[in-house]
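Visitor: I am new to this structure and would love a close look at just one part of it. Could you choose a good starting place and walk me through it slowly?

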Amino acid sequence: MKASTERLVEKLRTAPRLRVLFVCLGNICRSPAAEGVMRAVADAGCDASRWEIDSAGTGDWHVGDLPDKRMRIHARRRGLELIHRCRQVRVADFDDFDIIVGMDESNLRNLHALAPTFEAGAKIVGMAEFVGKAMRYDYIPDPYYEGAEGFELVLDLLDDGCRNLYRLLGGC
Ligand code: 4NP
């Protein structure tokens, strides 16, 4: 984990409320899946009402759409119903969320370009920072042009990363 991420996580660990925004490119595959995984982890934990979880995309091609059918099918096999409606990330998200989690370097670059202030930029972290060493991925790969294995890989990485993120943020 980057030192700046460690500082942010430490600051949020005892916050009474936590607002987490996951961001990818299209907001139809990786980030709505991350939202669903994180919500399931929080719902199974001790204080689900502490958590507000949402997702958004840096692009606007799919605004209003449900997540990609393939991602919904793979998620459903794991007991997750993804019903998020795609939306584009907006400047106000830097006020409305405490931590903004990008899936890959391109998402992180786009988020930094959008951040209105230094403090807003300090809320941006990479999802892969929370993925355990055993999985050895430094970004969450875009599954859009991949086969079934790509979607399964994303869900495995998100499952590991969200559990770690939840614990680091003081979830129990
Ligand atoms: P996501 O995947 O960023 O994980 O939602 C993508 C979905 C759609 C597109 C690209 C990536 N697209 O180009 O439409």
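**Strand by strand, then to the ligand**

Guide: Let's begin with a pair of residues: Phe22 has Val101, in strand E3, as its bridge partner. Please keep in mind that this is a predicted model. Right beside that pair you can find another, because the list of partners goes on: Val23 is matched with Gly102 of E3. Strand E1 and E3 run parallel, and four bridges join them.

Now look at E3 itself, which covers residues 99-102. In general, the side chains of a regular strand alternate between the two faces of the sheet. In E3, Ile99 and Val101 are on one side, while Ile100 and Gly102 are on the other. These four residues are all buried, so both faces of the strand are covered. Buried here means that a residue has under 20% relative accessible area.

Val101 also leads us on to another strand, for it stands opposite Val125 in E4. Strand E4 spans residues 124-126. Three bridges join E3 to E4, and these two strands run parallel.

Let's go back to E1, which takes in residues 18-24. Six of its seven residues are buried, so E1 is mostly covered. Besides E3, strand E1 is paired with E2: seven bridges join the two, and they run parallel. If you would like one pair to find on the screen, try Val20, whose bridge partner in E2 is Ile53. To get from E1 to E2 the chain passes through helix H2, residues 30-44, and this β-α-β crossover is right-handed. Strand E2 itself, residues 51-57, has six buried residues out of seven, so the rest of the structure largely encloses it.

Before the chain reaches H2, there is a loop between E1 and H2, and Asn27 lies in this loop. Asn27 has a positive phi of about 55°, although it is not a glycine. With a relative accessibility of 0%, Asn27 counts as buried.

Asn27 also brings us to the ligand, since it is one of the residues around it. From this stretch of chain, the others around the ligand include Cys24, Leu25, Gly26, Ile28, Cys29 and Arg30. Also listed around the ligand are His62, Asp142 and Tyr144. By type, this shell divides into five nonpolar, three polar and two charged residues.

Where does the backbone come in? For Leu25, a backbone N or O atom lies 3.0 Å from an oxygen atom of the ligand. For Gly26, a polar backbone atom is 2.8 Å from an oxygen atom of the ligand. For Ile28, a backbone N or O atom lies 3.0 Å from an oxygen atom of the ligand. Taken alone, the ligand exposes 360 Å², and the protein buries 92% of that.

Let's return to E3 and see what follows it. Asp104 lies in the loop between E3 and helix H5, residues 105-114. Asp104 is buried, with a relative accessible area of 14%, which is under the 20% cut-off. From Asp104 to Gly132 there are 28 residues in sequence and 16 Å in space, C-alpha to C-alpha.

On the way from E4 to helix H7, residues 148-168, the chain makes a loop, and Arg136 lies there. Like Asn27, Arg136 is not a glycine and has a positive phi; for Arg136 the value is about 50°. In terms of cover, Arg136 is exposed, with a relative accessible area of 75%, whereas Asn27 is buried.

One last stop is Thr5, in helix H1, residues 3-12. Thr5 is buried, at a relative accessible area of 2%. The side chains of Thr5 and Glu129 are joined by a polar contact of 2.8 Å.

Conventions. Residues numbered from 1 in each chain as written. Predicted model: local features only at pLDDT ≥ 70, side-chain atom pairs only at ≥ 80, totals over all residues. Heavy atoms only, no water. Near = heavy atom within 4 Å. Polar contact = N/O pair within 3.5 Å; in protein donor to acceptor, adjacent residues only side chain to side chain. Areas by Shrake-Rupley, 256 points an atom, 1.4 Å probe, with all protein chains shown as cover. Nonpolar A, V, L, I, M, F, W, Y, C, P; charged D, E, K, R; others polar. Buried < 20%, exposed > 50% of the residue type's maximum accessible area, 1.4 Å probe, protein only. Pairing = 2+ DSSP bridges. Right-handed = clockwise from strand over helix to strand, strands pointing away.
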